[in-house]
Amino acid sequence: MSKISFDLISIFPDYFSPLKLSLIGKAQESDLISIAIHDLRDQAEGVHKSVDDTPYGGGAGMVMSPEPWGKAIDSVLENSEATEHDLIILTPAGEKLTQKIAEELSTREHLIFACGRYEGIDYRVTEYYQSAPGVRVRELSIGDYVLGGGEVATLVTMEAIIRLIPGVLGNPDSLVEESHSLPDEVVEYPNFTKPATWRGLPVPEVLLSGNHALIKSWREEQARIRTAKLHGELDGRTR
Ligand code: 6GU
């Protein structure tokens, strides 16, 4: 198992400080992954270190210039020992991130995250790297809403990927349970822990019964009810 390298390119490198925490922080400490963060502005020219310009054809907002992006991505590629690279461009116009995509990306060697801001990155950057040897380009979105930039989307995508890398999760059994539920878009049963009564609310008695067959069928039933509610298959009032 070789370790996955992540290179993140952004004009706000500080957005990525949470990566030192929790699961992802531990994954770096135990050398399961490595993460390098690059400031796009280091590749910008002139006194103003500008990284954007007005859109050709007119319209509101600014577009990120291809030149600093090309330099930043080339530099990351040149400094990589990997033979294959996935360039992930975060954009609300991208393919929607799914568990299946996260699973696929968790098997890769080298992931580059390009975080656009404003009205996005000059599209020639996508086109150019689509025909670069050894590079796979993927435009990703994390959902149907507009964020200020790709940084938070990168954090979301990375967390979904990194927890799937072997050795990252303390208890890989939770991945097994998920793999049973997610492909069918079935959600999980509700969970409870101590105390047995909280603010007058008792834990469902079956969970205290010690009857594992009964618990299993109760959980399956609860998962069915939640899934039906989520997908609007029950009476509209139940939602
Ligand atoms: Cl990847 N970027 C931006 N700016 N907005 C988004 C998004 C990405 N995914 C959902 N909304």
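## Starting with one tyrosine

Is Y15 buried, partly exposed or exposed? With a relative accessibility of 34%, Y15 counts as partly exposed, because the middle class runs between the 20% limit for buried and the 50% limit for exposed. Keep in mind while you look around that this is a predicted model. We'll come back to Y15 and its ring partner further down.

## The big picture

Let's zoom out. The protein chain has seven helices and nine strands. Its radius of gyration is 22 Å, while the globule rule gives 18 Å for 239 residues, so the chain is more spread out than a compact globule. If you put a box around the C-alpha atoms along the principal axes, that box comes out at roughly 70 × 45 × 35 Å.

How much of the chain is tucked away? Of the 239 residues, 37% are buried. The accessible surface adds up to about 14,500 Å², and carbon and sulfur atoms own 53% of that.

Two more whole-chain numbers are worth a look. Take the contacts with a separation of 6 or more: 75% of them are between residues 24 or more positions apart. As for charge, the chain carries 23 positive and 37 negative charges, and the mean positions of the two sets are 8 Å apart.

## Rings that pair up

A pair of aromatic rings is described by the distance of the centres and the angle of the planes. Searching the whole structure turns up three aromatic pairs. One of them is F6 with F113, a stacked pair with 6.3 Å from centre to centre and 20° between the planes. This pair links distant parts of the chain: F6 belongs to strand β1 (residues 4–10) and F113 to strand β6 (residues 110–115), with the two positions 107 residues apart. F6 has 1% relative accessibility, so it counts as buried. F113 is buried too, at 0%.

Now back to Y15. Its ring pairs with that of F12: the centres are 6.2 Å apart and the planes meet at 65°, so this pair is edge-to-face. The cut-off behind that label is an angle over 60 degrees. F12 has a relative accessibility of 38% and counts as partly exposed, and Y15 is also partly exposed, at 34%.

## Two buried helix residues

Find T154 in helix α5 (residues 151–162). T154 has 0% relative accessibility, so it is buried. What does T154 touch, once residues up to four places away in sequence are set aside? The list is L8, F16, L90, F113 and C115. You've already met F113 as half of the stacked pair with F6.

A102 is another one to look up, this time in helix α3 (residues 99–105). A102 also has 0% relative accessibility and counts as buried. Skipping neighbours within four places in sequence, A102 is in contact with L97, A160, I161 and L164. For a feel of distance across the model, try A102 and T197: these two are 95 residues apart in sequence, and their C-alpha atoms are 38 Å apart in space.

## Things to spot in the loops

The loops have some details of their own. Which peptide bond is cis, with omega near 10°? The one from K194 to P195. P195 sits in the loop between α6 (173–181) and β8 (197–198).

Next, look for positive phi values in residues other than glycine. D31 has a phi near 60°, and you'll find D31 in the loop between α1 (22–29) and β2 (33–39). K49 has a phi near 50° and lies in the loop between β2 and β3 (52–53). K49 counts as partly exposed, with 35% relative accessibility.

Last stop: S65, in the loop between β4 (63–64) and α2 (66–78). Is S65 buried or exposed? At 18% relative accessibility, S65 counts as buried, because the limit for that class is under 20%. Leaving out neighbours within four places in sequence, S65 is in contact with V51, D52 and D53.

Methods. Residues are numbered from 1 along each chain as its sequence is written. This is a predicted model: local features need pLDDT of at least 70, side-chain atom pairs count only at pLDDT 80 or more; totals for chains, interfaces and linings use all residues. Side-chain values use heavy atoms; hydrogens and water are left out. Helices (H or I, at least four residues) and strands (E, at least two) are DSSP runs, numbered from the N terminus. The radius of gyration is taken over C-alpha atoms; the globule rule is 2.2 Å times the number of residues to the power 0.38. Buried means under 20% relative accessible area, exposed over 50%, partly exposed in between (1.4 Å probe, protein chains only). Contact means heavy atoms within 4.5 Å. Accessible areas come from the Shrake-Rupley method with a 1.4 Å probe; for residues, only the protein chains shown count as cover. Lys and Arg count as positive and Asp and Glu as negative; His and the chain ends are not counted. The place of a charge is taken as NZ of Lys, CZ of Arg, CG of Asp or CD of Glu. Rings of Phe, Tyr and Trp (its six-membered ring) pair if their centres lie within 6.5 Å; planes under 30 degrees apart count as stacked, over 60 as edge-to-face and the rest as tilted.
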